[in-house]
Amino acid sequence: MRAITREREPVTEPIAPRAAIRRHLLDLDDWTPDELSTLLESAEEMCRVRLRREKLSVLSGQVLVNLFYENSTRTRVSFELAGRALGADITNVTASASSVAKGESLIDTGRTLQALGASVFVIRSGQSGAPDLLARHIGGHVLNAGDGWHAHPSQALLDLFTLTRHLGSVAGRRIVILGDILHSRVARSNIWALTAMGAEVVLCAPPTLLPPEAIALYTARLVPGTGACRHVTIETNVSRALAGADAVMALRLQKERQQAGLLPSLREYTRTYGLTVARMALARPGALVLHPGPMNEGVEIEPAVASGAQSVIEEQVENGVAVRMAALAMLAGAEAVA
Amino acid sequence: MRRTIGPREVVVLHGARVLDPSQRLALPEGGVAIRDGRVLAIGTRAQLEAALAGLDELETAPRWVSLPARYVLTPGFVDLHAHLREPGYEAKETIQTGARAAARGGFTTICCMPNTQPVLDSAATLALVAERARSAAARVLPIAAISKGESGKELSEMAELAQAGAVAFSDDGRPVASSRLMRLALAYAEPLGLPVVEHCQDEDLVGGGVMNEGPISTMLGLPGWPAAGEDVMLARDLALVRLTGAKYHAAHLSTAGAVALIRQAKAEGLPVTAEVTPHHLLLTDAWVAGERTGPLADALRELGLPVPPGDRYDTNTKVNPPLRTARDCQALIEGVEDGTIDAIATDHAPHTWVDKACEYGEAAFGISGLETALAGLLALVHTERLSLPALIAALTIRPARAWNLPMGSLAPGAQADLTIFDPREDWTVDPAGFASLGKNTPLAGVTLRGRVRETWLGGQSVYRADGDRDGESASADTDLSE
């Protein structure tokens, strides 16, 4: 056998890990479990780097631009810290302070920034698909820091990282996503990542805040790489949803949803869907509580739950930097290595 | 440059397959004789010769132009729904460029929608369109607005507009939200004999939707609009047609539910007609995600033609009404086949690059459709999803009859508007080569089978494929068979 192998053309092994082929981080729908695992391992390594207060030079000489068309504190700062820790030069562009306010198109802005030397674009936009658009029109790397209702992949990766650290693995675990799923890019990216890793995801919300035909969507899209089915169910009754849950991810409820008539009142929402201590008792003992922030404490989550022993909300924020370092290194680091 | 056909000169286009559903005519090999812009005779070679022999006052010998036997000769196509953008949006399209695009697509008559700037809601604006359309490569028939400024408030001066040449009334793009105004429009238009054309959409239900509501809109995080948004409006309108007895035409059906409603209304005997666009017959909402599903993609794969994947959030797939599901496409195709849907209309909606080179939610709605319509639809014919006679009827006599237009037929005496296409020619859609200023097509890079070779308008060649001979008449002396 060995002799035969030797007679063949030598197979060139890629120097960078398989995932380094990926140029952009737009969404997680096409990520394989292998890629996700690789990223989680890399994020563990990045955690150790951070503990050692070490700086890497993976992105040295690269200019990372934070292009934010929507307000953000944690995601922007998190990407900024991650970029710095990898040796990149960072510049921040916010919509109100740039020519965006003068009506410059996203494509023009991207090309201008590229002409100024930017090679890594971290973009947040209220428009679903804005990162895809940018990725089609510029060289370099695009990382989606949240677009419309579409995707927030770095958030989902840090959620997966946090969950995996506590649960060992999310495979076979019951993870409830509770709240305004219709308008949530966090939920959408989480569903892809969690189901790819074998979790059973339960979507719980009033019917007016559920995305249309979600079950049809996720059943039709098998996990890339393995071809496994994705397990997603919908449960509009919060008690039934929480029963036996290993983790609950509460989502922010924006007041505009009530104004748009999707809810009779915030009061009724809190009464019916708020994550309370009493409801958490229905979940598995020690079940984790997550929230992507920013929270409306007292609306979608009771303060006692948010700051309770089961809450890993602060850890999520903390892990965000390491996970984003891993993502940046995976996408943009390969060139530096090569 | 263009070699025109002189007065009294007889030209006989001959040798192709001839299809004219208006006369239930289908000849494996035949032709048409033309004189003074009108059809002199149509039929087999023997029939044409006999017809010519019966003429005693021929000044010059008839010019016989032979066509390859694989070509198909049909009446010129009639498009009940196009946006020519002039006046007001000449960067998107002009009447001249739109008409050239029509000629390239085999359309000899195009009805233009009134959502221009200013809106076509006065005799003066209709006169302007007529003026700009003179010497255009297609007949341009204006559709006038239902309401002044398409504002949905007060009726336009419909009687004067009818006199000034309007062929129908529509506030296309701005559905008539008020049931009362729609009732009044139907009632007022009834004695004028012109149809009221509705863009069936309940704006309140549709809200901020930018694509079909379903799994794909959920995946892409784009606000969707449900098929019910169309069905609700159409059902309301049909109730108003029942009330007024007026002629009503439903524009660009996109849902299976709408097909069922029209079928039922016709069975009931209501004076209702309907159209569907090529893109709603051919494409699904998965195209918004860059995925190639639905009748066109399936058909092209069956034909062994490559179907390259597209881009996610390709704004060229953004259209109103939105691309729906394969199930809707199927119902629409059946509607064309059984005659429930009278016409295939392009809803040609050209836009500039800037209008489309942006985020999906920000992009303009519309597809530049005139130049790809036939080729796309022929994929359905090649794979036996739709019959050729039904397709040609829906492009010619059925739209003409729906609106009482004297077109869509090559019966002797009719205007010699005709289309000649090669059903087997493969070509790859390259919007840069479009005559239309609107390069916005989701079919860019897709290889289609079937191409318009020549278009004749009033007995003159207005388009001939192959750029180097473009504009020249089909005389092609070397082609003279005898």
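Which handedness does the β-α-β unit made by β5(A), helix α7 of chain A and β6(A) have? The unit is right-handed. The model is predicted. This briefing follows strand β6 of chain A, then turns to the contact between the chains.

**Burial of β6(A)**
- Strand β6 of chain A covers residues 200–204, and 5 of its 5 residues are buried, so the strand is largely enclosed by the rest of the structure.
- Both faces of β6(A) are covered.
- On one side sit E200(A), V202(A) and C204(A), and on the other V201(A) and L203(A).

**The β5(A) side**
- Strand β5 of chain A, residues 174–178, pairs with β6(A) in the parallel sense.
- The pairing runs over 5 bridges.
- One pair of bridge partners is I175(A) and V201(A), the latter in β6(A).
- The helix in the β-α-β unit with β5(A) and β6(A) is α7 of chain A, residues 185–196.

**The β7(A) side**
- Strand β7 of chain A, residues 231–234, runs parallel to β6(A), and 4 bridges join the two.
- E200(A) has H231(A) in β7(A) as its bridge partner.
- E200(A) is also one of the buried residues of β6(A).
- Helix α8 of chain A, residues 214–220, makes a right-handed β-α-β unit with β6(A) and β7(A).

**Where chain B touches chain A**
- In chain B, 19 residues are in contact with 24 residues of chain A.
- Helix α7 of chain B, residues 215–220, gives the largest share of chain B's side, with 5 residues.
- That side of chain B divides into 8 nonpolar, 6 polar and 5 charged residues.

Technical notes
Residues are numbered from 1 along each chain as its sequence is written. Chains are lettered from A and ligands numbered from 1 in the order in which they are written. This is a predicted model: local features need pLDDT of at least 70, side-chain atom pairs count only at pLDDT 80 or more; totals for chains, interfaces and linings use all residues. A residue is buried if 20 or more other C-beta atoms lie within 10 Å of its own, exposed if 12 or fewer, and partly exposed in between; C-beta atoms are placed from the backbone. Two strands pair if DSSP finds at least two bridges between them. A crossover is right-handed if, with the strands pointing away from the viewer, the path from the first strand over the helix to the second runs clockwise. Two residues are in contact if their C-beta atoms, placed from the backbone, lie within 7 Å. Ala, Val, Leu, Ile, Met, Phe, Trp, Tyr, Cys and Pro count as nonpolar, Asp, Glu, Lys and Arg as charged, and the others, Gly among them, as polar.
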